[in-house]
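User: I would like to go through the labels attached to this model and ask, for each one, what value stands behind it.

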Amino acid sequence: MTESKTELLGWLNDLLSLNYSSIEQCGSGSAFCQIIDSIYGTVPITRIKFDTKNEYDYVSNYKILQAVFNKHKIERNIPIDKLIKCRYSDNLEFLQWMKKYWDAFYPGGGYNAHARREIAMKAQLRTHTAKSPTSPSLPNQLRSSVKSLQGSPTGKQSLESREWGSRPSSSKARNVEQDRKVSDLQRQVNELRAAADTLERERNFYYLKLRDLEAHVLEKMEVRISSFSWTSTQPNQNLH
C-alpha cells in the first residue's frame, strides 16, 4: 500500500531527524542520499551538500547518489532533471519508491542522521576556511585585476599627503575627487568578483553536465557490449 504525503514526511523526519514540511524540500537530493546511507552506510557523506539552494549542488548530490546506486546494483533511474526542479509530483513518486526500497533492505538498528550531517558540514567548513585566505576560486586574471584596483588608491595617497601643506585651499576638492575614485574602484572590484562567481558557477554546471553525458555514454556502451557477448554465445540455429 502506498503511503500518503503525511505518512511519508513523518517517516522521513523521524528517520533523518529533519523538520521537512513539504515533499518539495526533497528536491535537493540530500535526504535521498541519507536514506540510502541509512541502509548501506557507504554514501561519501562529506561530499553531500546539505545547506544549499543552488541547482548545481543538487545535481552533484544526485550524481553521488547515482554512483552509490551503481555500486550496489540498484536498477532504478534517477530523474535528476525533474527532481532538481523541486516539483511535488516528481519528488513524491521518487520518495515513495525510496520508502519501498528502504522497507525491503533496511538492516535494522539505529541511524544517527544528525551526526552524519555534522561530519559533512564540519569537513566542508574546514575546506572552505582553508581556501578562503587566498581565494583560489577566483580566476588568476580577475584576481590580479582586483589586487591592482585595490592597491591603486594607496599609491596616490602618499603623494596627496605631501601636497596637503602646499595647497590647502584645494584639499577639500582633492578629498572629494579621491573619494569618488575610491568608490568607483570599489564598484569595479565588486563587479569583477561577481563576474568571477558567475564564471565559477557556469564552470561547475557544465562540468556536471559533461560528467552526466560521460556516464550516459559509458552505460550505453556497457549495454551494447553485454548484448554482443550474449548473442555471440548462442548456438547458430542454421546449423541444425
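User: How many aromatic pairs are there, and what makes two rings a pair?

Analyst: This is a predicted model, and the count in it comes to 8 aromatic pairs, where rings are paired if their centres lie within 6.5 Å.

User: Why is the pair of Trp97 and Tyr101 called stacked?

Analyst: The ring centres of Trp97 and Tyr101 are 5.3 Å apart and their planes stand at 25°; since planes under 30 degrees apart count as stacked, the pair is stacked. Both residues belong to helix α5 (residues 88–105), where they are 4 residues apart, about one turn of the helix. Trp97 is buried, and Tyr101 is buried as well.

User: What makes the pair of Trp102 and Tyr106 stacked?

Analyst: For Trp102 and Tyr106 the centres are 4.4 Å apart, within the 6.5 Å required of a pair, and the planes are at 25°, under the 30 degrees that bound stacking, so this pair is stacked.

User: How do you know that Trp102 counts as buried?

Analyst: Trp102 has a relative accessibility of 14%, and because buried means under 20%, Trp102 counts as buried. Across the protein chain, buried residues make up 32% of the 240 residues.

User: Which residues form one aromatic cluster with Trp97 and Tyr101?

Analyst: The cluster that contains Trp97 and Tyr101 also includes Phe32, Tyr62, Phe69, Phe94 and Phe105.

User: Where does the charged end of Lys99 sit, and what distance supports that description?

Analyst: The charged end of Lys99 sits over the ring of Trp11, at 5.5 Å from the ring centre, which satisfies the distance part of the criterion, within 6 Å.

User: Why is helix α1 called roughly perpendicular to helix α2?

Analyst: The axes of α1 (residues 5–16) and α2 (residues 30–40) come within 11 Å and cross at roughly 65°. Because 65 to 115 degrees counts as roughly perpendicular, α1 is described as roughly perpendicular to α2. The crossing in which α1 passes α2 is left-handed, and the contact is made by Trp11, Leu12, Leu15 and Leu16 on the α1 side and by Ala31, Gln34, Ile35 and Ser38 on the α2 side.

User: What pattern does the protein chain follow along the sequence, and how many helices and strands are there?

Analyst: The protein chain has 8 helices and 0 strands, and its pattern, read along the sequence, is α-α-α-α-α-α-α-α. Among contacts between residues at least 6 apart in sequence, 66% join residues at least 24 apart.

Conventions:
Residues are numbered from 1 along each chain as its sequence is written. This is a predicted model: local features need pLDDT of at least 70, side-chain atom pairs count only at pLDDT 80 or more; totals for chains, interfaces and linings use all residues. Side-chain values use heavy atoms; hydrogens and water are left out. Rings of Phe, Tyr and Trp (its six-membered ring) pair if their centres lie within 6.5 Å; planes under 30 degrees apart count as stacked, over 60 as edge-to-face and the rest as tilted. Helices (H or I, at least four residues) and strands (E, at least two) are DSSP runs, numbered from the N terminus. Buried means under 20% relative accessible area, exposed over 50%, partly exposed in between (1.4 Å probe, protein chains only). A charge sits over a ring if NZ of Lys or CZ of Arg is within 6 Å of the ring centre and within 35 degrees of the ring normal. Axes are lines fitted to C-alpha atoms, for helices over the stretch in contact, and angles run from 0 to 180 degrees between N-to-C directions. Angles under 35 degrees count as roughly parallel, over 145 as roughly antiparallel, 65 to 115 as roughly perpendicular and the rest as oblique. A crossing is left-handed if the near helix is turned anticlockwise from the far one by less than a right angle, and right-handed if clockwise. Contact means heavy atoms within 4.5 Å.
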